[in-house]
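Me: I am new to reading protein models and would like a close look at one part, the core. Please go slowly and explain the terms as they come up.

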Amino acid sequence: WNHLCRFFFVGAGMMGWLLIYLSIPAKSVQDGSLSQSMILYQLFCLLYILDYFVHEEYMTSTWDIIAERLGFMLVFGDLAWIPFTFSIQGWWLLNNKVELTTAAAVANCFAFLIGYLVFRGANNQKHTFKKNPKALIWGKPPKVTGGKLLASGYWGIARHSNYLGDLLLALSFSLSCGISSPIPYLYPIYLFILLVWRERRDEARCAEKYKEIWAEYWKLVPWRIFPYLYK
């Protein structure tokens, strides 16, 4: 029951974000202020939100559903924080005109693409492994620590590669707004703090649950989120 409730609130929050997402370009078109930056930001958001609903099943193997407690933080975060905070770049672009150079727009698309490949790829690998531990990872049999922990693919590069992908996606949303103001960057800054904190909580939970297996995995994959930067 708790898992079902968590699943419901996350989905409701994403639906709220979708409704706000749809209202922002409508207002922009109404005002005649639709810009390249707005189109780029809206395209990124659309792909991200649609990806969630297409791969909704994969949420069943994420921290939000497995380990997060059902309480005020989760309910408020899903129903209020996600839709209103994750759309802050759109609100900012409605009142601030930004003209990105071609190079900046291409670099922004590149950041989104890399973020998406890492985020979706890592989550897909974890979910596939949970369903079929013998499924190939990048065309090879998976390396498994203690018979339980995947140490191949993205999960052989960093212990939370999916968080890195999510951060790159959040950054790409904000880069659509240029660098003239810190306001559009509140979302990736908040997400960075949240994911580092969540990663620490998850590490503690895994260390208690898997004990020596986790210690072995920790030595095999020493990087937490950012490969070669953050242990």
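Reply: Here is a walk from the whole chain to the core, and then to some single residues around it.

This is a predicted model, in which local features need pLDDT of at least 70 and side-chain atom pairs count only at pLDDT 80 or more, while totals for chains, interfaces and linings use all residues. Residues are numbered from 1 along each chain as its sequence is written, and side-chain values use heavy atoms, with hydrogens and water left out.

Let's begin with the overall picture. The protein chain has nine helices and two strands; these are DSSP runs, with helices (H or I) of at least four residues and strands (E) of at least two, numbered from the N terminus. Read from that end, the order is α-α-α-α-α-α-β-β-α-α-α. The C-alpha trace spans about 60 × 40 × 30 Å along its principal axes. For 231 residues, a compact globule would have a radius of gyration near 17 Å, and the 19 Å of the protein chain agrees with this. That radius is taken over C-alpha atoms, and the globule rule is 2.2 Å times the number of residues to the power 0.38.

Next, what sits inside? Of the 231 residues, 51% count as buried. Buried means under 20% relative accessible area, exposed means over 50%, and partly exposed is in between (1.4 Å probe, protein chains only). A nonpolar core is a set of buried Ala, Val, Leu, Ile, Met, Phe, Trp, Tyr and Cys residues joined through side-chain atoms within 4.5 Å.

The largest such core holds 40 residues, and W17 and F173 have the most contacts inside it. Helices α1 (2-31), α2 (36-54), α5 (88-95), α6 (102-131), α7 (161-175) and α8 (186-210) each give it at least two residues. The largest share, eight residues, is from α2. Domain 1 (1-99) and domain 2 (102-230) both contribute, so this core lies between them; the domain bounds come from an automatic or database domain assignment.

Now zoom in on W17. Contact means heavy atoms within 4.5 Å. Setting aside residues up to four places away in sequence, W17 touches Y41, C45, Y48, I49, I82, P83, F86, S87 and F173. Apart from this core there is a second, separate one of 15 residues, which includes L149, L150, Y154 and Y217.

Helix α5 makes a good next stop. Six of its eight residues are buried, so α5 is largely enclosed by the rest of the structure. The buried ones are I88, Q89, G90, W92, L93 and L94. One of them, L94, is in contact with S28, a residue of helix α1. S28 is itself buried, at 1% relative accessible area, and its contacts beyond four places in sequence also include S33, L34 and M38.

Moving on from α5, L100 is found in the loop between α5 and α6. L100 is buried too, with a relative accessible area of 14%. Its C-alpha atom is 6.7 Å from that of S37, although the two are 63 residues apart along the chain. Besides S37, the contacts of L100 beyond four places in sequence include Q36, L40, A105, N108, L175, S176 and G178.

Far along the chain, I213 lies in helix α9 (residues 212-220) and counts as buried at 14% relative accessibility. Leaving out neighbours within four places, I213 is in contact with T145, G146, K148 and L149. L149 is also one of the residues of the second core. I213 and K148 are 65 residues apart in sequence, yet their C-alpha atoms are 8.2 Å apart. Across the protein chain, residues 24 or more positions apart make up 80% of the contacts with a separation of 6 or more.

What about the cysteines? A disulfide is a pair of cysteine sulfur atoms within 2.5 Å, and by this rule there are zero. The sulfur of C109 is 13 Å from the closest cysteine sulfur, in C45, too far for a bond. C109 is partly exposed at 33% relative accessibility, whereas C206 is buried at 9%.

Finally, a database record: UniProt, in an unreviewed entry, places the feature "transmembrane region" at residues 7-26, 38-54, 74-94, 100-119 and 167-197. UniProt positions are given in the numbering used here, feature names are shortened, and annotations may be inferred rather than shown by experiment. In the model, residues 38-54 are 100% helix and 0% strand, with end C-alpha atoms 24 Å apart. Residues 167-197 are 68% helix and 0% strand, and there the end C-alpha atoms lie 14 Å apart.
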